[in-house]
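Grab the model and work through these exercises with me. Try each task yourself before you read its solution.

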Amino acid sequence: MPIPVLMPQLGESVLEGTITKWLKAPGEAVKEYEPLLEVNTDKVDTEIPSPASGVLLEILVKEGSTVRVGSPLAWIGEAGEVVPQAGQAPGAASPQAAYATPQTSAQASTPGQERLAGFISPVVARMAAEHGIDLSQIRGSGQGGRITKKDILAYLEKRQIAQEKVEAISAPAIEAIPSRPAQPEKVAPSPPGAELEEVIPLNPLRRAIAEHMLLSKHTSPHVTTVMEADLSRVVAHRQANKDAFARDGVNLTFTAYFVAAAVSALKAYPIVNSSWSENGIVVHKHIHIGLATSLGEEGLIVPVIKNADALSLLGLARTINDLAGRARARKLQPDEVKGGTFTITNHGISGSLFATPIINQPQCAILGVGAIQKRVVVLSDEALGDTIAIRPMVYLSLTFDHRILDGAIADYFLGKVVEYLQNWK
């Protein structure tokens, strides 16, 4: 009897995944535990092994489709076997049933939701309630017409554009409408070479980044404050200890120092290690630091250092090496990019001096680290007065959620980061 391939649960809080690539084609032989397909969840690609040996009889879900945990993906059996009708095993629920919940019709928590059929995820329901969206007006792009977070974000963007057009039309500067007939609009000719333009398809990683960034901007008011730090002591400490760390198989990067400084500041100002909720500000007891890691042209991913406050500089450096290496090798597990309470992005690696990063929701703030440069600075000393010196300097930016933090607290926090780095022992 054919065996169904089901979408597995790839993490404690993972409810769905996107099929990125089938590694076998229908009719091909496959062995038990041999990689059968790749699934993307939260920007992490995971190989799914075959549950049995046999032949891949039929693929039920195409590449690029997003399905919920437990949904049938394919059938495996002996060559020539016939799969059950409509891809349904005897006694098993249909693929559509995996998307429906008994509470869907009862929980009409958003306008028009009582008229919808199929699964409405908690994220979609919350966003619809927050923005007053009538879900019956949205055409879902998910399997079976399911409304996804991507559909909500696209609807919000279109609504914003429409509102801006209305505001522009009603502005006083254009209230006087010309009485003469409107002239036909001239269409500018296409520039030379326009036919050579290329459209790059969105892969799951780029789409997930776009959705998360747009959601962050729609969720919280962003404010950025910038300070600079003298890294003379950090540079000297790293120079004196990097060989000893290397003997332990660890590359001592500046990132470890910035994580240690952030941990110290988060201990001093726990409110920065928090998230917004409608019931109040949730202050997290654990310090889990996310590190934005570039994957080149494909985008970025944010692996998380769990319990960073319990690690020494050596432990931080070793963990950073491990997570960054496996991130670039696409070897992270879904749970390793979840649960962050604060994020650091070292955009200075590419030469950027300072930036205004976007908050990694639902966190309260993100620390941006610029390029370390030797610059001329003025030093003040009670005995010597003002002197000019060359020092390794870095700009540090803190983008924060203004619902949670006011400017003073944000500055106190960032000042603590600067103090920790400048007085490194």
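**Exercise 1. Find the residues that line the largest cavity, then describe the space they surround.**

Step 1. Pick out the lining: K43, V44, D45, I301, A327, R330, K331 and L332 line the largest cavity. Here a cavity is a set of points, on a 1 Å grid over the protein atoms alone, where a 1.4 Å probe fits but cannot get out, and lining residues have an atom within 4 Å of a point.

Step 2. Get the volume: the largest cavity holds about 40 Å³. Grid points are joined across faces, edges and corners, and a volume is the space filled by probe spheres set on the points. The count is 1 cavity of 30 Å³ or more.

Step 3. Sort the lining by type: 4 residues are nonpolar, none are polar and 4 are charged. For this sorting, Ala, Val, Leu, Ile, Met, Phe, Trp, Tyr, Cys and Pro count as nonpolar, Asp, Glu, Lys and Arg as charged, and the others, Gly among them, as polar.

A word on the source: this is a predicted model, where local features need pLDDT of at least 70, side-chain atom pairs count only at pLDDT 80 or more, and totals for chains, interfaces and linings use all residues. Residues are numbered from 1 along each chain as its sequence is written, and side-chain values use heavy atoms, with hydrogens and water left out.

**Exercise 2. Zoom in on R330: where does R330 lie, and which residues does R330 touch?**

Step 1. Locate it: R330 sits in the loop between α6 and β16. Helices (H or I, at least four residues) and strands (E, at least two) are DSSP runs, numbered from the N terminus.

Step 2. Check exposure: R330 counts as partly exposed because its relative accessibility is 32%. The scale runs like this: buried is under 20% relative accessible area, exposed is over 50%, and partly exposed is in between (1.4 Å probe, protein chains only).

Step 3. List the partners: not counting residues up to four places away in sequence, R330 touches D45, L295 and E298. Contact means heavy atoms within 4.5 Å.

Step 4. Compare sequence and space: R330 and V44 are 286 residues apart in sequence, yet 7.1 Å apart in space, C-alpha to C-alpha.

Step 5. Look at the backbone: phi of R330 is near 60°, a positive value in a residue other than glycine. Most residues other than glycine have a negative phi, and most peptide bonds are trans.

**Exercise 3. Track down another positive phi, and a cis peptide bond.**

Step 1. Go to N307, in the loop between β15 (304-305) and α6. Phi of N307 is near 50°, and N307 isn't a glycine.

Step 2. Now find Q361 and P362, which are joined by a cis peptide bond with omega of about 5°. P362 belongs to the loop between β16 and β17 (365-369).

**Exercise 4. Which residues touch the most other members of the largest nonpolar core?**

Step 1. Define the thing: a nonpolar core is a set of buried Ala, Val, Leu, Ile, Met, Phe, Trp, Tyr and Cys residues joined through side-chain atoms within 4.5 Å.

Step 2. Name the residues: of the 54 in this core, V259, I289, F342, I344, L396 and L421 touch the most other members. The largest share, 10 residues, comes from α5.

Step 3. Follow one of them: leaving aside neighbours within four places in sequence, V259 is in contact with I289, L291, I305, L316, I320 and I344.

Step 4. Look elsewhere: another core, of 16 residues, lies apart from the largest one and includes V5, M7, I19 and A74.

**Exercise 5. Is S264 buried or exposed?**

Step 1. Place S264: this residue lies in helix α5.

Step 2. Apply the cut-off: S264 counts as buried because its relative accessibility is 19%.

Step 3. Find the partners: beyond four places in sequence, S264 is in contact with K416 and Y420.

**Exercise 6. What average pLDDT does the protein chain have?**

Step 1. Read the average: it is 82, and 81% of the residues score at least 70. pLDDT is the predictor's confidence in each residue, from 0 to 100.

Step 2. Spot a weaker stretch: pLDDT stays under 50 over residues 169-180, and the model has 3 contacts for them beyond four places in sequence.

Technical notes: On a 1 Å grid over the protein atoms alone, a cavity is a set of points where a 1.4 Å probe fits but cannot get out, and a pocket is an open set with protein on both sides within 12 Å along at least five of seven lines; lining residues have an atom within 4 Å of a point.
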